[in-house]
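Trainee: I should like a close look at the aromatic pairs of this structure, followed by an account of the surroundings in which they sit. Please take one part in detail and connect the rest to it.

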Amino acid sequence: MIRKTAFTSPGLLGTLAWIAAGICLLPMAAVVLAAVTGGFDTVSRLADTVLWRYTGTTALLILLVGVGTGVIGTATAWLVTATRFPGHRVIEVALALPLAFPAYVLAYAYTDFLDHPGLVQTTLRDLTGWGPRDYWFPEIRSLGGAAAMLTLVLYPYVYLLVRAAFMQQSATAYIAARTLGQGPWGAFLRVSLPIARPSIAGGVLLALMETLADYGTVSYFGVQTFATGIYQSWFSFFDRGAAAQLALCLLVVALTLAVLERAQRKNQRHHGAGRRFEAMQPVHLSGGRAWAAWAVCMVPVFFGFLLPVVLLVSMAWDSGQLLFTERYLGFLRNSLTLATIAALLTVGAAIVLGFNARLRPTPASRLAVRLGGLGYAVPGGVIAVGLLVPFAAFDNALDAFMEARFGIDTGLLITGSIWLLVAAYMVRFMAAALSAYDAGLATINPNIDAVARTLGRTPRSMLRGVHLPILRPSILTALLIVFVDVMKELPATLIMRPFNFDTLAVQAHRLAADERLAQAAVPSLVIAAVGLLPVAVLCWGLGRESRTGRRFIPAPDAQAAE
């Protein structure tokens, strides 16, 4: 007979799983409740002034980023999969490198480079003798500039998913189209592209959800979106109800995109190319066509990674600031502390959710996993508002009670603490941890669990002695992804950080807001360097695939919500 412990019983494990799912659901429920119960005075004023501007600007930003990421990601994925040209193995790996940068870091670098006092316009005036009003130059601090920055760092979502889809396609349909008289481009447009459409749409929708969540880029460029409106309502108007109502609007859009993305991933399974699988034979390009393909693939790599690195290093070198000063070491220590605690707690909660669903695959356990994975679609600003509203009310009620009964001023016990900020990180990045953990869990044959149970192992010992050793690479990957995401996260940190507890992301944002771009390059470089860690793991997998011919298909964060 199999022994039962407290951990095996549905009580403790199921309770822990639902606590984790409840924490992830709490911000959304709180936003809805605060939005419907709050006053509408501020929103009425916003509706008369800037609300429609928020709506139009957000919609246009989504449109521009969607088109940009879709075109760049699909074109580069097709070129590196279906053709061969000089340097294609290096380029197919390099195309993932812009993922290391947050969009706001690119915004700082390109503003210093392209703004009126920047190198480009200064050189142009020196060469031509023009004055400031004698020429027109595109304004980087604009909606178009924000869309360009977001497109450069988010197109790898589309590239990675679409590249995997093209590699999974059988060449039989493509070859049949060619034998029926279609040229290479005609066969691509009529056969390969429609088959990969769910992957294209899924990658674009992931990019759009990241666009909705962005605050640093749009706020720095002065682009008024719902993300900036939430922050303005909270800190400028001090109206929590208005912030919650704007957050609810953004939440509805984000969850709609999440539902669409999930539907696209389901469709992906029904777009095979037939029973017979025949690998696509790439076309070897030469001459002008080879160089044209090389140029098309190198343009996003150059503008999304190589040039920003050069610009940031140059800015940091001339800034006169050193990273290893007591002040910057404090920012680094705060960032590392938050990232480490958040990564450990988030991955631990993901293991509880995933193992509970594995141990008891009931509708309730699967629902808990889905609720835990909802946070990937929720912008950080929405999560911040959703956590601050209920906990601030709790702190104020507790303080009033203690003051009235015992004359003790408790102050804010939860609001403004790093633990509430860590909870926000857990909600935001639980899907990333679940995705990495579930990807490893899927490789463990269920028969192994059955054998372990028949040999007398309890679920606790099976998790500790069987699953965790096998899943060590997946768990380390999950820890790394969450760690880096927390290092880069800005809106929730900006709103919820404790007093006098700044991170590298907050310091970079503050310096850039004060137009001290050279100084902002120092923390930005550290953030980008840390962001290279998971990208290096990803690039290692892509490089191994190129050498061995095995397919390396990364699982996006969103897969955890399925």
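Mentor: Tyr-135 is buried in this predicted model, because its relative accessibility of 15% falls under the 20% limit. Its ring partner is Trp-130, with the two ring centres 5.8 Å apart. The planes of Trp-130 and Tyr-135 stand at 25°, so this pair is classed as stacked, the cut-off being under 30 degrees. The burial of the two residues is not alike: Trp-130 is partly exposed, its relative accessible area being 39%, whereas Tyr-135 counts as buried.

The structure holds 10 aromatic pairs. Another of these is formed by Tyr-108 and Tyr-220, whose geometry is edge-to-face. Their rings are 5.2 Å apart from centre to centre, and the angle between the planes is 85°. Tyr-108 belongs to helix H5, which spans residues 103-114, and Tyr-220 to helix H11, which spans residues 216-220; the pair therefore ties together parts that lie 112 residues apart in sequence. Both Tyr-108 and Tyr-220 are buried. The two tyrosines also belong to a cluster, in which ring pairs link Tyr-104, Tyr-108, Tyr-220 and Phe-221.

Thr-217 adds to the picture of this region, as its place is in helix H11. The residue is buried, because its relative accessible area is 0%, under the limit of 20%. Once its neighbours within four places in sequence are left aside, Thr-217 is in contact with Ala-103, Tyr-104, Ala-107, Ala-146 and Met-149. One of these, Tyr-104, is a member of the ring cluster.

Links between separated parts of the sequence also appear in the figures for the chain. Among contacts between residues at least 6 apart in sequence, 82% join residues at least 24 apart. The chain has 562 residues, of which 53% count as buried, and it contains 24 helices and two strands.

A helix pair offers another view of the packing. Helix H17 (residues 380-406) and helix H18 (residues 418-441) have axes that come within 10 Å and cross at roughly 135°. That angle makes H17 oblique to H18, and H17 passes H18 in a right-handed crossing. On the H17 side, Gly-380, Ile-383, Leu-387, Leu-388 and Phe-391 take part in the meeting; on the H18 side, Leu-420, Ala-423, Ala-424, Val-427 and Arg-428 do so.

Helix H14, residues 287-319, includes Val-299. With a relative accessibility of 44%, Val-299 counts as partly exposed. The C-alpha atom of Val-299 is separated by 10.0 Å from that of Leu-152, although the two residues are 147 residues apart along the chain.

The cysteines remain to be considered. A disulfide is a covalent bond between the sulfur atoms of two cysteines. The structure holds zero disulfides. Cys-24 is buried, at a relative accessible area of 0%, while Cys-249 counts as partly exposed, at 38% relative accessibility.

To return to the rings, the two pairs described here have opposite classes of geometry: Trp-130 and Tyr-135 are stacked, and Tyr-108 and Tyr-220 are edge-to-face.

Terms used:
Residues numbered from 1 in each chain as written. Predicted model: local features only at pLDDT ≥ 70, side-chain atom pairs only at ≥ 80, totals over all residues. Heavy atoms only, no water. Phe/Tyr/Trp six-rings, centres within 6.5 Å; stacked < 30°, edge-to-face > 60°. Helix = DSSP H or I, 4+ residues; strand = E, 2+ residues; numbered from the N terminus. Buried < 20%, exposed > 50% of the residue type's maximum accessible area, 1.4 Å probe, protein only. Disulfide = S-S within 2.5 Å. Axes fitted to C-alpha atoms, helices over the stretch in contact; angles between N-to-C directions. Parallel < 35°, antiparallel > 145°, perpendicular 65-115°, else oblique. Left-handed = near helix turned anticlockwise from the far one by under 90°. Contact = heavy atoms within 4.5 Å.
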